[in-house]
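Student: Could you walk me through this structure? I'd like to ask about whatever catches my eye as we go.

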4 protein chains.
Amino acid sequence: MTRQLQTAVIGAGRIGLVHARNLAHRVHGSQLVAVSTANAQRTAAVRQEFGEDVTIYPDLPTLLAQAELDAVVIASSTGAHRANIEVCAAAGLHIFCEKPLALSLEDCDAVIAATNAAGVKLMVGHVRCFDAGYLAAKQRLEAGEIGPPIVFRAIAGDQDPPPPSFADPHVSGGLIIDAGYHDLYLARWLMASEIVRVYAEGGALVDPAIGAVGDVDNAVVDFRFANGALGTLFVSRTTRYGHDVRVEIVGAEGALHVGYLRRTPINILTRQGVYHDVLPDSSVRYAAAFEAELQAFVDCVLHDTEPPVTGADSRAVVAVGVAATRSLHSGRPEALPPAL
Amino acid sequence: MTRQLQTAVIGAGRIGLVHARNLAHRVHGSQLVAVSTANAQRTAAVRQEFGEDVTIYPDLPTLLAQAELDAVVIASSTGAHRANIEVCAAAGLHIFCEKPLALSLEDCDAVIAATNAAGVKLMVGHVRCFDAGYLAAKQRLEAGEIGPPIVFRAIAGDQDPPPPSFADPHVSGGLIIDAGYHDLYLARWLMASEIVRVYAEGGALVDPAIGAVGDVDNAVVDFRFANGALGTLFVSRTTRYGHDVRVEIVGAEGALHVGYLRRTPINILTRQGVYHDVLPDSSVRYAAAFEAELQAFVDCVLHDTEPPVTGADSRAVVAVGVAATRSLHSGRPEALPPAL
Amino acid sequence: MTRQLQTAVIGAGRIGLVHARNLAHRVHGSQLVAVSTANAQRTAAVRQEFGEDVTIYPDLPTLLAQAELDAVVIASSTGAHRANIEVCAAAGLHIFCEKPLALSLEDCDAVIAATNAAGVKLMVGHVRCFDAGYLAAKQRLEAGEIGPPIVFRAIAGDQDPPPPSFADPHVSGGLIIDAGYHDLYLARWLMASEIVRVYAEGGALVDPAIGAVGDVDNAVVDFRFANGALGTLFVSRTTRYGHDVRVEIVGAEGALHVGYLRRTPINILTRQGVYHDVLPDSSVRYAAAFEAELQAFVDCVLHDTEPPVTGADSRAVVAVGVAATRSLHSGRPEALPPAL
Amino acid sequence: MTRQLQTAVIGAGRIGLVHARNLAHRVHGSQLVAVSTANAQRTAAVRQEFGEDVTIYPDLPTLLAQAELDAVVIASSTGAHRANIEVCAAAGLHIFCEKPLALSLEDCDAVIAATNAAGVKLMVGHVRCFDAGYLAAKQRLEAGEIGPPIVFRAIAGDQDPPPPSFADPHVSGGLIIDAGYHDLYLARWLMASEIVRVYAEGGALVDPAIGAVGDVDNAVVDFRFANGALGTLFVSRTTRYGHDVRVEIVGAEGALHVGYLRRTPINILTRQGVYHDVLPDSSVRYAAAFEAELQAFVDCVLHDTEPPVTGADSRAVVAVGVAATRSLHSGRPEALPPAL
């Protein structure tokens, strides 16, 4: 392996470009050499931004055949994750895959098996585990500042309508998996216990088009953890005021709140009252965390250590999301299958 | 009826004394003439505070026989509400009753029938409907500032262990009714829709003694409203940091948050960080609202108008609480019975 | 003296009515028996609100001749304070006088001498010393939580144009005394040291009419305390967003902030951002403190104790205000005269 | 000029390393090729961090003789700025110089003349002009959201004792220039008017060692702007709770507050109250702004445009700082000399 990890990004959508920029300019020990995209407009955008230093390939087989690589970042659509991971693993490349790993436990199991068989590393994009706010919460929990955690309480509010392709829950996994995934892994990670039962209520309360394709735009989900702790999540595609993501952990001796609603640290005071702006989306809120997670991936490859977020971690989250989505439709609490 | 409403308070516990002080000193058009309590210590406390202006009776029959009254405030234990209301109604007195009206729909129906038959007013202590914060929220919702409300999200956190008598859920109604009642009526009132289905998860997560008597100390409750809207409540007896009561309403066009965690408007900045104090309990947070609700009761009697909170309102809340408590034990969502 | 202190309010403007209500309905041990006002409209308002229980007199001599009184609350214009106090003291009445005691040290000295000679109590309306927020700050300072205080930093922002009569600085004392008085006494009280030098800059920056009568509408004032500590005050008649009053004390080991900009504990979140309302004026912010200060006055009369705020306290504040106002015009720092 | 600007950093202290990292890894169009430092420990640190890609020179003449450069970032001690700028300008290099440009107007004038004569660009490190918070404030001011600005109110609080060399005010320029410089340029920039008169009070209130060398550790400064507006600054080396930097602008129609006291967006709620952490220093608060300002410098060199912050801008700020420091000792308001 060369001293600079030779990396490629598969997919050049919004999140693919975020990863490409970090690999090219910010992550130490990484060199971005290739991007794969079949989309003409995105090809032009990558060319414009990265110039001749990065080669653009129209598909993954061509990229794998021609580029000299150590590792790939997979930022394709979720439906393509399994196929992409299997071929990259077969090519002996280390893999960072965007969340969720897949939409079914079967696909999760397959890619975990494929990367294990190939002896390559697999890390999944649980970006908030690299955010200073959640890390501070984790440390304070572990330090016992609020006693044993007994309740997880989260809001996952986003203002963006899903892109048209994501309107189809077979593509997105549905609201809970698509928009609530980050909070589901925060729940396991921060509470340090597996979720064993879920109950969900939801509806297409704002956007009838979402209901027409069989999805919901707002939902509440209740959790029961293995250690008896409780949880509740409100997940929404229609928080019109911005990107509102907050977590509260209640412990036996206190509580922790993590959240930041502002874009800039400014208050405006007028006759109408006092107001401040709101974060528009996750890319602003988690810019530093996106960089830190790729640094962690590059470091674990360079130093041959265990990835901080594994395929099994993502599989456990997908299991919760699938069960909660099932509850949405069954009208009953749903038990989780045993972990791998 | 005299110009000053002649009033008595039945029960001289913490909340009874709050009402007694307001009737004696703050509410216009009211005169406190009597208090009923069988407890020697409380008798002394009332004597000390109110002097000779207020007569103390050892029981309700004696009070009704000897005092000249227009109205009573019932602040006895919930289990005594039905009997107290029935005898006061029979005596032709207007009645303000602390929440909850009763612990069963049967008892609610009985006291509503009794007061209707007697032609006396019955108002129930939904104190937060008289708080400036919730009133402002209600007005802004009705003004359409956030569009139609689609999600109700609340926390009802208290730090106090229940008094020993309330450790028995047959006395208190259990955690959800006892500590969550205020949020249940806020849910109906602010969302302007009835709750039709509930699901609850809970546990004795902090205090095993609460579990030993068949109750829980922390619970999450999910609601489905008649208009399709969703709700979620976290209710706790063990928020060690203070009285943490907050409501968030999410609408199709924005959101409203109501809550105030501070006791005094002061921040302390030291090497350890920035901190502020926390409200210790509801009596500090709602002091003005307790006064306003009794004023509303006295006004509705003096001007012969409809009480702003009726027995039917409380019955509807009790129905939700009973169903949520049933869900806690059944492990299933529970549908609400039709309203009266 | 009767068990209920027989009290009268001199003047029935906005603040006079606040005091009248507290004496009539809220303060224990006080009975409001008379109000003095020459204004027909205010006479009608008092009649309407207090009915026959309170006698209204057209002038102070008539009131003193006819009412049986123990104490008076003087809420007349500042220019009339000296004459009113002198005649009430001569009548042997205990006196609560609104701030400022007078606009000159000479007048302050005269009324202090008059009340001393008559052996009656004189208390001045330093209302914020009775507010829970400032009291908590005082206690924490005295407990040493932030070490010795070294800097006082305040904002005294009000949105109200002065009433027409107050546009004349000879009537109001000018911006610094009129609108900054409360912060000047907070400075002395919280820092526990006398102010020995001041420097002020100001201008009629928003309202030319204020400049035309020789006053300013915005000013900054620097203080030097006897113990070497520093201070700075921004005082304004034109904070269009509401009543913005905040104090920060910096100590050698930390800092304290006191302030509350909200009217109700509610946040509105919309596409335009997050906003909350603002306190409109001091009557809302300090309602409980106005009641507590009159209770303290009544208590000190009933129990014959020292008033918690004396004439000498107000004289010291007037001295600072006069010196700061002089600096505004001299363009130089101004030393304070020695205390009495 | 090559496509990648060849850059060097003069001085490898804390701020020099910040600039070196940004030039090496983050700023587009820049390549860091050299660092100059005579300090053995810093030489080792630079070697460790940047490896063989960056050549380290023991002094500026050697660096200028051997390295092929387009531009330099001067992060040496302020006392060395003039000599360093003169020799770099003579070598035809574009110059980014840390603030303050110099400690005297004479030195400012000399370096402005030297860079003009050499035809090289000179930009000064007014880093907060590149921070999202202050930029948002500037834009809202220019959009007229609060009307014409009439009062500037700032706090510049830092917890760090000055490094030993800076204990000498002849080296640091004294508290107001050293620790207040950023707020002085924010004052001019945000108020869009020059400062024409200043008055300062200060003292060695916490650290007698600072007093012993003729400096103060805390000061308040009053400003008068050319357009009549007012200002007040509290500057401190002893805010023990962290890096507390805030600006409030009051306008004729409202106000703007800029500030952010937290390190992470987390609240801890315990029996002791609610607390959050505090920014430890400016490097955390302004990390993105430090990068943006160097990007602006590289861009203005590459595209041959005017630097966004000029030598004249810094000279105007130094003039205010010098006058305020003079006032501290004279006890009088001090007028500013005319601008260049």
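Student: Which strand do seven bridges join to β7(B), and how do the two run?
Tutor: Seven bridges join β7(B) to strand β10 (residues 230-236) of chain B, and the two run parallel; B:Ala154, for instance, stands opposite B:Leu233 in β10(B). Strands here are DSSP runs of E with at least two residues, helices are runs of H or I with at least four, and both are numbered from the N terminus. Two strands are said to pair if DSSP finds at least two bridges between them.

Student: Before I go on, what am I looking at, and how is it numbered?
Tutor: This is a predicted model, in which local features need pLDDT of at least 70 and side-chain atom pairs count only at pLDDT 80 or more, while totals for chains, interfaces and linings use all residues. Residues are numbered from 1 along each chain as its sequence is written, and chains are lettered from A and ligands numbered from 1 in the order in which they are written.

Student: Back to β7(B): what do eight bridges join it to?
Tutor: Eight bridges join β7(B) to strand β11 (residues 244-251) of chain B, and these two run antiparallel. In that pairing B:Pro149 stands opposite B:Gly251 in β11(B).

Student: And is β7(B) buried or exposed?
Tutor: Nine of the nine residues of β7(B), which covers residues 149-157, are buried, so the strand is largely enclosed by the rest of the structure. A residue counts as buried if 20 or more other C-beta atoms lie within 10 Å of its own, as exposed if 12 or fewer do, and as partly exposed in between, with C-beta atoms placed from the backbone.

Student: How many residues does the contact between chain B and chain A take from each?
Tutor: The contact takes 31 residues from chain B and 31 residues from chain A, where two residues are in contact if their C-beta atoms, placed from the backbone, lie within 7 Å. On the side of chain B that touches chain A, β7, β8 (195-203), β9 (218-225) and β10 of chain B each supply at least two residues. By class, that side of chain B has 14 nonpolar, ten polar and seven charged residues. Nonpolar here covers Ala, Val, Leu, Ile, Met, Phe, Trp, Tyr, Cys and Pro, charged covers Asp, Glu, Lys and Arg, and the others, Gly among them, count as polar.

Student: What turn lays chain B on chain A?
Tutor: A turn of 180° with a shift of 0.0 Å along the axis lays chain B on chain A with an RMSD of 0.1 Å. Copies are superposed by least squares on the C-alpha atoms of residues with pLDDT of at least 70 in both. Of the residues of chain B, B:Arg332 comes closest to the rotation axis, at 3.2 Å (C-alpha).

Student: Now chain A and chain C: how many residues are in contact there?
Tutor: In that contact, 13 residues of chain A meet 13 residues of chain C. The largest share of the side of chain A that touches chain C, four residues, comes from β14(A). β14(A) also pairs with strand β14 (residues 273-276) of chain C in the antiparallel sense over three bridges, and the bridge partner of A:His276 in β14(C) is C:Val274.

Student: How are those two chains related?
Tutor: Chain A can be laid on chain C with an RMSD of 0.0 Å by a turn of 180° and a shift of 0.1 Å along the axis. That is the relation of a two-fold axis. Of the residues of chain A, A:Tyr275 comes closest to the rotation axis, at 1.9 Å (C-alpha). Moreover, 100% of the interface residues of chain A are also interface residues in chain C, so the copies meet through the same surface.

Student: Changing topic, what order do the strands of the open sheet of six in chain B have?
Tutor: The order is β3-β2-β1-β4-β5-β6 (chain B), with parallel pairing. β3 (55-57) and β6 (122-124) of chain B stand at the edges with a single partner strand each, so one side of each is left without a neighbour in the sheet.

Student: Which residue stands opposite B:Ser36 in β3(B)?
Tutor: B:Ser36 stands opposite B:Tyr57, and strand β2 (residues 30-36) of chain B pairs with β3(B) in the parallel sense over three bridges.
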